[in-house]
Every structure is written in C-alpha cells, then in structure tokens.
Amino acid sequence: MSRFACSIPGLPRGKVRHRSSIPWSWVFSWISKGKTGPRPIPHNYPDREYDSWEDSLADTLSAAWGASGALAPLDEACSLLLVLRFPRPISRTRKTIANAAYPHISTPDADNVSKAVQDAMQKGGLVVNDSRIFDLRVVKWVCGDGEEPGIEVVLRWGAGVTLLR
C-alpha cells in the first residue's frame, strides 16, 4: 500500500454553491408580452474568492504530489483522510491554563470541505476523478496551543487499501 501525506496551512473552506438570479424586470417584460420571444436568461454569480482558494489549494497539492515522486494521477481505488484544523475563537481562549484541541462542531460542514479538497485533488492531478476515493474520513478540530489552522491530507492506494475494513 502506498501513501501520500501533505500539510496545507490556512483556514479550511467549504465548497460553495454558485448563485444565480433573473432580474424581475426581465420576467415582468416577458410575461407582459404574453410569454413570447426568448425566455429570460439567469445571471450566474460565482464566488471568485473561493475559486482562487481552490486553485491555490490545487497548486499546493500538485507541487507536493510532484515532490513526492508520483507524477501520474491515480486511476485506482483510494482512501482519503482529512484532518481539518480551525482557529480557536477568542471567547474560548484561556491565558492561565493550556488550551487543548477540541472537536469543531460548527460551519463549514465536513462534507463541504471534503468536496472542496477532492475537487482540488482532481484539478491538481492527484487523482483522475474524485470518484476514485472510496473510503473518506474527515476529522474537524479546533487548534490547541502551538497549532496552526490548516488541512492534513493523507491519501492511500494500492493492493492493501481495499482491505481496510
């Protein structure tokens, strides 16, 4: 069984949905004309900040993948472990005793962050398609003392990976 591990600093983000809308004036005009002519076309509003974050994540993963010596994208069953570390809220910081890590139980959801990382892995050339990941585990923690926010990615593949039941 082969293994790839990478640590990515920074705040983990969840996959966002693209927003779209149709201006009401277009709909009103279309209805007042007896619904003849072309239908109003929705405007799409992608989140450009998220898109740049996902691209930088894909670049970081691609660079680490190339540095590990594996150059071809995986086209076999893979197991993925994601450890997400979020910053500690100021309201939960203690100055007199140690701040231990604890489970992160608020947004972003684990499944949205895992979708974002899997899409970045596909963009970065680690896997041919993110459907190759059959075993996924996501753990969300709030940072303890001395820890920085980030994402730990552990990808396993090979002969023994399907025996991990």
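This dialogue walks through the strands and the burial of a predicted model.

User: Which helices and strands make up the secondary structure of the protein chain, and what pattern do they follow along the sequence?

Analyst: The protein chain comes to three helices and seven strands, and when these elements are read along the sequence they follow the pattern β-β-α-β-α-β-β-α-β-β.

User: How should I read strand pairing, and which strands pair with β7?

Analyst: Two strands pair if DSSP finds at least two bridges between them. Here strand β1, residues 2–9, pairs with β7 in the antiparallel sense over eight bridges, and strand β4, residues 78–86, also pairs with β7 in the antiparallel sense over eight bridges.

User: Which residues stand opposite each other in these pairings?

Analyst: On the β1 side, Arg3 stands opposite Arg156 in β7, while for β4 the example is Leu84, which stands opposite Ile151 in β7.

User: Is β7 mostly covered or mostly open?

Analyst: A residue is buried when its relative accessible area is under 20%. By that cut-off, six of the eight residues of strand β7, which spans residues 150–157, are buried, and the strand is mostly covered. For the protein chain of 165 residues, buried residues make up 33%.

User: What do the contacts and the accessible surface add for the protein chain?

Analyst: Among contacts with a separation of 6 or more, 84% are accounted for by residues 24 or more positions apart. The accessible surface comes to about 10300 Å², and 55% of that surface belongs to carbon and sulfur atoms.

Key. Residues numbered from 1 in each chain as written. Predicted model: local features only at pLDDT ≥ 70, side-chain atom pairs only at ≥ 80, totals over all residues. Heavy atoms only, no water. Buried < 20%, exposed > 50% of the residue type's maximum accessible area, 1.4 Å probe, protein only. Helix = DSSP H or I, 4+ residues; strand = E, 2+ residues; numbered from the N terminus. Contact = heavy atoms within 4.5 Å. Areas by Shrake-Rupley, 256 points an atom, 1.4 Å probe, with all protein chains shown as cover.
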